[in-house]
Amino acid sequence: MEIPDFHNPDTYVDAAPHEAFAHLRQHEPVRWQDIPNDSGYWMVLRHTDVVHVAREPKIFSAELGGVVVETMEPAQLASMRNMLLAMDPPRHTAWRRNIAPHFKARVIGQLEGRVREITRDILARGKDMGEVDFVHDVCAHLPSNVMGEIMGIPAEDRPQIHQWAEQQASGQDPEINPDNYQTVGSDASMAMAVYAIEHARLRRERRASGDDSNPDLTDLVMAAEVEGRSMTDVDFGSFFVQLVTAGNDTTRTMLAGGTLALLQHPETLAELRENPSLIPAAVEEILRWANPLHYFRRTTTQDTQVAGQPIKAGEKVAMIYTSANRDETVFEDPDRFDIHRSPNPHLSFGIGTHFCLGVHLARLEGRVFFEELLNTFSDIELIGQPRRTRSNLNNSLKELPLRLAA
Ligand code: HEM
């Protein structure tokens, strides 16, 4: 069969290349892919091998070269290394240990009421519009508003955060980013970091002046110790940017991709309307079937091998979640959208050392969103062609024209 160029973002415009992945899982489960004018990378396609790479951070480093397959400029890489995503143990362990308690299921569960109110407001606006581009008019507003809420960002500043978050996403698509992906994305990140540093400074001032109103996530994160010292305002700036970066496009995609999956499977949609307690399982299947990220990368620290394929020290290795989630040795009839899969060990949140810190928040947003969506609209109709983002990283929709009726 003809194997596409997996690095070329055009390969993903019509659909993810599932057939080619399935073929390679059988015949070449670790495959070399070139990148024009850059060093190429190994694609790891089977579930078990992705798990292996993710669980061995000493051999497969996130810090050495970052998590995307393109070689980054040194300055960009240095700034990425301020994020958990691109730290290796023991530094990663030290940071994550102090922050993780604030993202536990029980803590995040307390946000349900606010997440629901925000969701209702967003859907009410969609209802007034009637015909919407569901991706930008509806889904995109949930993660940026929830993040603004939990970080205590003043309401008047949230549209700006939303705009920066939108600029960061999906930079390989010339329609979204006609100039240059690197610049637009990093300018937005920089502006967001500057904003967050100022937010931290004002918060410290407020606390110093004796204001002891309920602490929010900003206060809790700022109080965390990192590498044996207290977090600085600049540390906080990077942390804030990483939360918005990691949680925005991914959550929006789960909501938009999930809605499209339900429209394509009307029997499942009807089943969920009948029995909303199935929604959490549906969210997991949405994540497996329409995983928001195609891959994350590591760099080998030593000569090693994956599934018998020798890999030299310093080479790039991409964990292809889009393939691992359809591995027929783990998922029966993997191309079928089936909300009754149990267990459903998809890898859409990664696994091991860097397992998604925001997993409980993402799941909460997913469950509440679909509960409210089905409650609010008795009729959801596709009124145009959905369009996918041109990207080898973001497995996302850039347009989903819908008519929403109560
Ligand atoms: C459906 C939504 C989401 C998906 C599919 C997703 C996916 C992922 C994946 C695949 C990783 C692993 C990275 C790796 O192994 O290199 C990850 C890590 C991470 N995610 Fe998420 N994520 C989502 C939502 C969120 C949200 C809402 C937040 C913020 C609250 C968040 C914050 C993070 C952070 C901070 C990390 C880095 C963790 C670490 O390196 O220890 N994510 N996410």
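**Exercise 1.** At what angle do the axes of helix H6 (residues 112-129) and helix H8 (residues 141-150) cross, and within what distance do they come?

*Solution.* This is a predicted model, in which local features need pLDDT of at least 70 and side-chain atom pairs count only at pLDDT 80 or more, while totals for chains, interfaces and linings use all residues. Residues are numbered from 1 along each chain as its sequence is written, and side-chain values use heavy atoms, with hydrogens and water left out.

Step 1: helices (H or I, at least four residues) and strands (E, at least two) are DSSP runs numbered from the N terminus, and axes are lines fitted to C-alpha atoms, for helices over the stretch in contact, with angles from 0 to 180 degrees between N-to-C directions.

Step 2: the axes of H6 and H8 come within 10 Å and cross at roughly 140°. That angle makes H6 oblique to H8, given that under 35 degrees counts as roughly parallel, over 145 as roughly antiparallel, 65 to 115 as roughly perpendicular and the rest as oblique.

Step 3: the contact (heavy atoms within 4.5 Å) involves, among others, Val115, Ile118 and Ile122 of H6 and Leu142 and Val146 of H8.

**Exercise 2.** Find the residue with a positive phi in the loop between strand E1 (30-35) and strand E2 (38-44), and decide whether that residue is buried or exposed.

*Solution.* Step 1: the residue is Asn37, which lies in this loop and has a positive phi of about 60° although it is not a glycine.

Step 2: buried means under 20% relative accessible area, exposed over 50%, and partly exposed in between (1.4 Å probe, protein chains only). With a relative accessible area of 85%, Asn37 is exposed.

Step 3: for Asp333, in the loop between H15 and H16, phi is also positive, near 45°, and at 42% relative accessibility Asp333 counts as partly exposed.

**Exercise 3.** Locate the cis peptide bonds that lead to Pro90 and to Pro343.

*Solution.* Step 1: the bond from Pro89 to Pro90 is cis, with omega near 5°, and Pro90 is found in the loop between helix H3 (74-80) and helix H4 (91-99).

Step 2: the bond from Ser342 to Pro343 is cis as well, with omega near 0°, and Pro343 is found in the loop between helix H15 (321-324) and helix H16 (359-376).

**Exercise 4.** Describe the chain as a whole, beginning with how many helices and strands it has.

*Solution.* Step 1: the secondary structure comes to 16 helices and 14 strands.

Step 2: the C-alpha trace spans about 65 × 55 × 40 Å along its principal axes, and 55% of the 406 residues count as buried.
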